[in-house]
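Here are some friendly notes to read alongside the structure. I have kept them as numbered points so that you can take them one at a time.

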Amino acid sequence: MQFEEQIVQSIRKLLIDKQMKQSQLAELSGMSESTISRILNEGRCLYGNDIANIASALQMNVVQLLHYPRIPLIYFEDEVTIKKIT
C-alpha cells in the first residue's frame with residue numbers, strides 16, 4: 001500500500017469512528033469541503049501541511065494519524081513537531 005493510500009484510509013476510518021462528516025473535517029482543518037473530498041477520493045495529492053492540518057483537526061498528531069487504528073504505544077513525540085499551518 002502506498003503512503004497516501006494509507007493516510008487516506010486512516011482518515012476515512014477516523015471519520016467513521018468519530019462520527020464526523022467531511023464538512024466538519026473541512027471546517028476544523030481550515031480546508032474546503034471540495035479539497036477534503038478530492039483527498040478522500042484520491043483525486044488530489046496530499047501535502048505535508050494537509051496532513052498536519054487534518055491530524056490537528058482530528059485531535060491527533062501526524063504519527064498517530066499515519067498509524068491509525070494501530071497507534072504505536074511508544075513513539076518519540078519530542079522529535080515530531082506538529083503545527084497547524086494556515
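1. **The largest pocket.** In this predicted model, the largest pocket holds about 180 Å³ of space. Its lining is made up of 10 residues. Should you wish to find the pocket on screen, look for Gln6, Ser10, Tyr68, Pro69 and Arg70, which lie nearest its centre.

2. **What surrounds the pocket.** Two elements give two or more residues to the lining of the largest pocket: helix H1 (3-17) and helix H5 (62-67). H1 gives the most, with 4 residues. In chemical terms, the lining residues are a mixture of 4 nonpolar, 4 polar and 2 charged.

3. **The overall fold.** How many helices and strands does the protein have? There are 5 helices and 0 strands, and the order along the sequence reads α-α-α-α-α. If you count contacts between residues with a separation of 6 or more, 54% of them join residues 24 or more positions apart.

4. **Inside and outside.** The protein has 86 residues, and 37% of them are buried. About 5,800 Å² is exposed, and carbon and sulfur atoms supply 49% of that area.

5. **The nonpolar core.** The largest nonpolar core contains 23 residues. Ile7, Ile11, Leu25, Ile36, Ile54, Leu58 and Leu65 are those with the most contacts inside this core. Two or more core residues come from each of H1, helix H2 (22-29), helix H3 (33-40), helix H4 (48-57) and H5. The largest share is that of H1, with 5 residues.

6. **Ile11, a core residue in H1.** Isoleucine 11 sits in helix H1. Its relative accessible area is 1%, so isoleucine 11 counts as buried. Apart from neighbours within four places in sequence, isoleucine 11 is in contact with Leu25, Leu40, Ile54 and Leu65. With leucine 65 the sequence separation is 54 residues, while the two C-alpha atoms are 7.4 Å apart.

7. **Leu65, seen from the other side.** Which residues does leucine 65 touch, once those up to four places away in sequence are set aside? They are Ile7, Ser10, Ile11, Leu14, Ile51, Ile54, Ala55, Leu58 and Met60. Ser10 also appears among the residues nearest the centre of the largest pocket, while Ile7, Ile11, Ile54 and Leu58 are listed with the residues that have the most contacts inside the core.

8. **Helix H4.** Why can H4 be called largely enclosed by the rest of the structure? The reason is that 7 of its 10 residues are buried, which means under 20% relative accessible area. These buried residues are Asp50, Ile51, Ala52, Asn53, Ile54, Ala55 and Ala57. They pack against H1, H2, H3 and H5.

9. **Two glutamines with positive phi.** Most residues other than glycine have a negative phi. Glutamine 19 is not a glycine, yet its phi is positive, at about 50 degrees. It lies in the loop between H1 and H2, and its relative accessibility of 73% makes glutamine 19 exposed. Glutamine 59, also not a glycine, has a positive phi of about 60 degrees. This second glutamine follows H4 and belongs to the loop between H4 and H5. With a relative accessible area of 70%, glutamine 59 is exposed.

10. **Tyr47 in a loop.** Tyrosine 47 belongs to the loop between H3 and H4. Is tyrosine 47 buried or partly exposed? At a relative accessible area of 47%, tyrosine 47 is partly exposed. Its C-alpha atom is 9.6 Å from that of glutamate 4, and the two residues are 43 apart along the chain.

11. **Thr35 in H3.** Threonine 35 is part of helix H3. Its relative accessibility is 12%, so threonine 35 counts as buried. From threonine 35 to glutamine 22 the C-alpha to C-alpha distance is 9.9 Å, with their positions 13 residues apart in sequence.

Notes: Residues are numbered from 1 along each chain as its sequence is written. This is a predicted model: local features need pLDDT of at least 70, side-chain atom pairs count only at pLDDT 80 or more; totals for chains, interfaces and linings use all residues. Side-chain values use heavy atoms; hydrogens and water are left out. On a 1 Å grid over the protein atoms alone, a cavity is a set of points where a 1.4 Å probe fits but cannot get out, and a pocket is an open set with protein on both sides within 12 Å along at least five of seven lines; lining residues have an atom within 4 Å of a point. Grid points are joined across faces, edges and corners, and a volume is the space filled by probe spheres set on the points. Ala, Val, Leu, Ile, Met, Phe, Trp, Tyr, Cys and Pro count as nonpolar, Asp, Glu, Lys and Arg as charged, and the others, Gly among them, as polar. Buried means under 20% relative accessible area, exposed over 50%, partly exposed in between (1.4 Å probe, protein chains only). Contact means heavy atoms within 4.5 Å. Accessible areas come from the Shrake-Rupley method with a 1.4 Å probe; for residues, only the protein chains shown count as cover. A nonpolar core is a set of buried Ala, Val, Leu, Ile, Met, Phe, Trp, Tyr and Cys residues joined through side-chain atoms within 4.5 Å.
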